[in-house]
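Student: I should like a close look at one part of this structure, namely its charged side-chain pairs. Please begin from the question that I put below the display.

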Amino acid sequence: MRGSESAKVVIVGGAIMGSFAAWALRREGFAGAITVIEKDPTYRLCSTALSAASIRTQFGTPANIGMSLYGVDLFRRIREVFGADADIGFTERGYLILGRPDEIEERRAAAAMQCTAGADIVAMGPDEILARFPWVSVEDIGIGTYGQSGEGWFDAWSLLSLVRGAAKAMGVRYVAGEVTGFDAAGGRIAAVRLADGGTLECDWCVIAAGPASGALAGLLGQPLPVTPRKRTVFAFKAPLDGAGVPMLFDTTGVWMRPEGEGFIGGIQPPPDQDPDATGDFEPHHDLLEELFWPALAMRVPAMEQLRLLRAWAGHYEMNDLDHNGIVGPHDEIANLLFTTGFSGHGVMHAPAAARAIAELIVHGRFTTLDLSSLGYQRIRSGTPLAESIVY
Ligand SMILES: Cc1cc2nc3c(=O)[nH]c(=O)nc-3n(C[C@H](O)[C@H](O)[C@H](O)COP(=O)(O)OP(=O)(O)OC[C@H]3O[C@@H](n4cnc5c(N)ncnc54)[C@H](O)[C@@H]3O)c2cc1C
């Protein structure tokens, strides 16, 4: 049934994960029906549209690095893959991730591991950082690691539009509707149920519902620790030329990068101010004065004169177990697959996660990058995947 024309795949969620999964299935040779069900075809509030749309290869696990390398290769070849007019505004420029003096050894080892896995990361001492980025204050800094290639940022909305258009051109059907239930029996999902009373039969059901994925699995009585957590992005101007400025991650957790004529940046809220954010898209304005601005101005003195342009908030699809993606089949419901829970790195990993889902459906196994470490089994057993570099 795997590749046959009578097989039916239903994908719940049509943003970056769902649309890439549909596209990748066709590219992998799946000939059956593919239906993507999307409850908000404007995509106004989905994580994808509200993200900072950046890509890094500086991760602590080979699976995450491998997914980034696949993503960056696709972004570099975007016209070759999606056509001569394709443009996602990919700026290939590194992340500069700063570390304290007590982190030097650990961070050097991480950079060496990343290079072994195929990334292009250099570790720098404070003087080298200052020579290259003279606008950074390095007084309390022991190390900085920088992606010399293979990292950067892009336009997530353009990427979503491209892949959705390409999927539709390959016969993927998009249905506007909300999945509100499942017909499941005998360890299989037979159909998904929609809010308007309709049902759609399926041979495979892929959950790509972003921050709503945990609640959807809950409808099946299955644990999936993925919940919406609000993250605010500030857009601002400052007397600093953005040319050559990298994606900067400070030891405080503050991040910033150039965007258009100015910059964007943010910081995670303290854990006691980070509840389930279902329905809440109000930017966390207090963070600007209380945490973000003071820490940023300490690190980049030019930011003393920061002028806020606007702020928005989106939802991380937070995997509370280990902040990593959940990719692959459920352990008891064999035709239920997940591609969700990426907790802040889902746009960059969507192409690779989608390819993995397509391989599992078409071939019954991973044929390129082995993503079994991201599988559902660890959720069931409560065994976190150790990833040292999470934001
Ligand atoms: C502020 C911020 C900054 C970020 N920065 C980065 C970054 O720099 N790099 C990076 O890679 N990632 C980043 N991320 C994370 C990234 O945005 C997400 O990991 C990614 O967009 C997840 O994509 P998704 O398709 O799974 O989820 P979404 O984009 O949220 O899409 C899920 C879709 O499912 C639909 N849906 C939900 N429930 C149902 C239902 N019951 N029926 C039908 N449809 C349903 C929704 O309407 C939605 O369109 C950031 C996120 C935020 C919020």
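Student: With which residue does Glu-259 form a salt bridge, and how far apart are the closest N and O atoms?

Tutor: The model is predicted, and the distances below are computed from it. Glu-259 forms its salt bridge with Arg-257, and the closest N and O atoms of the two are 2.7 Å apart. The partners differ in their cover: a residue is buried under 20% relative accessible area and exposed over 50%, with partly exposed in between. Glu-259, at 40%, is therefore partly exposed, whereas Arg-257, at 2%, is buried.

This pair belongs to a wider set, as the structure holds 16 salt bridges. Another of them joins Asp-320 to Arg-229, with the closest N and O atoms 2.8 Å apart. Here the partners come from distant parts of the chain, 91 residues apart: Asp-320 sits in the loop between S18 and strand S19 (326-329), and Arg-229 in strand S14. In this pair, too, the acid is partly exposed, Asp-320 having a relative accessible area of 37%, while the arginine is buried, Arg-229 having 15%. Both residues also take part in a network of salt bridges that links Arg-229, Arg-231, Asp-274 and Asp-320.

A further salt bridge is formed by the side chains of Arg-380 and Asp-331, at 2.7 Å from N to O. Arg-380 lies in helix H11 (residues 377-381) and Asp-331 in the loop between S19 and strand S20 (336-340), so this contact ties together parts that are 49 residues apart in sequence. Both partners are partly exposed: the relative accessible area is 32% for Arg-380 and 32% for Asp-331.

Two of the strands named above also lead to the ligand. Strands S14 (226-237) and S18 (307-319) each supply at least two residues of the shell around the ligand, and S18 gives the largest share, 4 residues. That shell divides into 20 nonpolar, 12 polar and 5 charged residues. Glu-38 and Glu-317 are among the closest of the 37 residues that surround the ligand. Backbone atoms take part in contacts with the ligand as well: a polar backbone atom of Ser-54 is 2.9 Å from a ligand nitrogen, and a backbone N or O atom of Met-17 lies 3.1 Å from a ligand oxygen. The protein covers 95% of the 1,000 Å² of accessible area that the ligand has on its own.

Technical notes. Residues numbered from 1 in each chain as written. Predicted model: local features only at pLDDT ≥ 70, side-chain atom pairs only at ≥ 80, totals over all residues. Heavy atoms only, no water. Near = heavy atom within 4 Å. Polar contact = N/O pair within 3.5 Å; in protein donor to acceptor, adjacent residues only side chain to side chain. Areas by Shrake-Rupley, 256 points an atom, 1.4 Å probe, with all protein chains shown as cover. Nonpolar A, V, L, I, M, F, W, Y, C, P; charged D, E, K, R; others polar. Salt bridge = Lys/Arg side-chain N within 4 Å of Asp/Glu carboxyl O. Buried < 20%, exposed > 50% of the residue type's maximum accessible area, 1.4 Å probe, protein only.
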